[in-house]
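Here is a short report on a protein model. Look at the structure first, then read on.

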Amino acid sequence: MRAWLLAEGGLLITATGTASFQHPWTSAVTRLIAGVNATFGEERYRYLRRRIFCDGEISTWDRNLVKVCAKRITQCDNSTEDYAALVTSATRVVDVGLDLLADEDSERCSQAIGSLSPMTPRDAMILTAQLASSEQQKFSGAKLHQAPRSVACILLDPSGQILGANVNTNAGSQLRHAEVNLLLSLAKRGMTCIPDGATLFTSLKPCRMCATALVPHVESRSLRIIALNDDPGPHGRHQMLASSLQVVSLS
């Protein structure tokens, strides 16, 4: 599968990849957006407002990823000849394909609080709020576009053991939401599924991108999500978790 966008001055930005629904991190669309974020710095906002094209089926993950991190996407049915012509006419072609991997900056939270488990749900809620508040204070003097949104999440197994704790690190890449960082951190340690009976505590209701990522990673679709606050933004107004996972909002 190939994904691409045409930027100003005939610059063609492209990426290739394949992925299953359960492991979307290497899809062409994911690799394109991750690559644009890593390659073009603050210019990424301008490029990702362009329409993204792809020559394969657009997954639910890719579609919601684009809604949160980019602008629009179109599937091309007869793209081989069209893409070849586009490459020929482009002034410059840049392949930015980049896999989405665990974020070390986000993983510092899990390493710092791992000794606190097992913990009660009440303690987990308090700690989630403290992590989010700490992140907000850490970036209090930064410009708005240089500070990640202050969101934290903690995952507990049924016995109260901490499976992971992560924060939002999306100042440099819009993909780096706390829940996505959590799933990538678990995958790095060989955990491809969230075990039955686990509870995810998050300081903000998961957006549609994070919801799409969470659903296929939960065994038997049994996960309780405790959201300390609702997300009033457009990407938080979704029912993607309502029919499959239990979400409790405390706000």
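## Salt bridges and the sheet

In this predicted model, the side chains of aspartate 55 and arginine 2 meet in a salt bridge, with 3.2 Å from N to O. Aspartate 55 sits in the loop between β3 (51–54) and α3 (60–69), while arginine 2 belongs to strand β1 (residues 2–6), so the pair ties together parts that are 53 residues apart in sequence. How exposed are the two partners? Aspartate 55 is partly exposed, at 28% relative accessible area. Arginine 2 is partly exposed too, at 24%. Both values fall between the cut-offs of 20% for buried and 50% for exposed.

How many salt bridges does the structure hold? There are seven. Three of them are listed here.

| Pair | N to O distance | Relative accessible area |
|---|---|---|
| Aspartate 55 and arginine 2 | 3.2 Å | aspartate 55: 28%; arginine 2: 24% |
| Arginine 46 and glutamate 8 | 2.7 Å | arginine 46: 34%; glutamate 8: 32% |
| Aspartate 105 and arginine 108 | 3.0 Å | aspartate 105: 36%; arginine 108: 24% |

Take the second pair. Arginine 46 and glutamate 8 form a salt bridge through their side chains. Arginine 46 lies in helix α2 (residues 44–47) and glutamate 8 in the loop between β1 and β2 (11–16), so this bridge ties together parts that are 38 residues apart in sequence.

The third pair stays within one helix. Aspartate 105 and arginine 108 are three residues apart in helix α5 (residues 104–113), which means that about one helical turn separates them. Aspartate 105 is partly exposed, and so is arginine 108.

Some salt bridges share partners. They join Glu8, Glu43, Arg46 and Arg50 into one network.

Now turn to the sheet. Which order do its strands follow? Five strands form an open sheet, in the order β4-β3-β1-β2-β5, and the pairing is mixed. The edges are β4 (72–75) and β5 (92–95). Each has a single partner strand, so one side of each is left without a neighbour in the sheet. From one strand to the next, the twist averages 25°.

Strands β1 and β2 pair in the antiparallel sense, over five bridges. Leucine 6 has leucine 12 in β2 as its bridge partner.

A helix lies across part of this sheet. Helix α1 (residues 28–40) crosses β1, β2, β3 and β4. Its direction makes an angle of about 130° with β2.

Methods: Residues are numbered from 1 along each chain as its sequence is written. This is a predicted model: local features need pLDDT of at least 70, side-chain atom pairs count only at pLDDT 80 or more; totals for chains, interfaces and linings use all residues. Side-chain values use heavy atoms; hydrogens and water are left out. A salt bridge is a side-chain nitrogen of Lys or Arg within 4 Å of a carboxyl oxygen of Asp or Glu. Helices (H or I, at least four residues) and strands (E, at least two) are DSSP runs, numbered from the N terminus. Buried means under 20% relative accessible area, exposed over 50%, partly exposed in between (1.4 Å probe, protein chains only). Two strands pair if DSSP finds at least two bridges between them. Axes are lines fitted to C-alpha atoms, for helices over the stretch in contact, and angles run from 0 to 180 degrees between N-to-C directions. Contact means heavy atoms within 4.5 Å.
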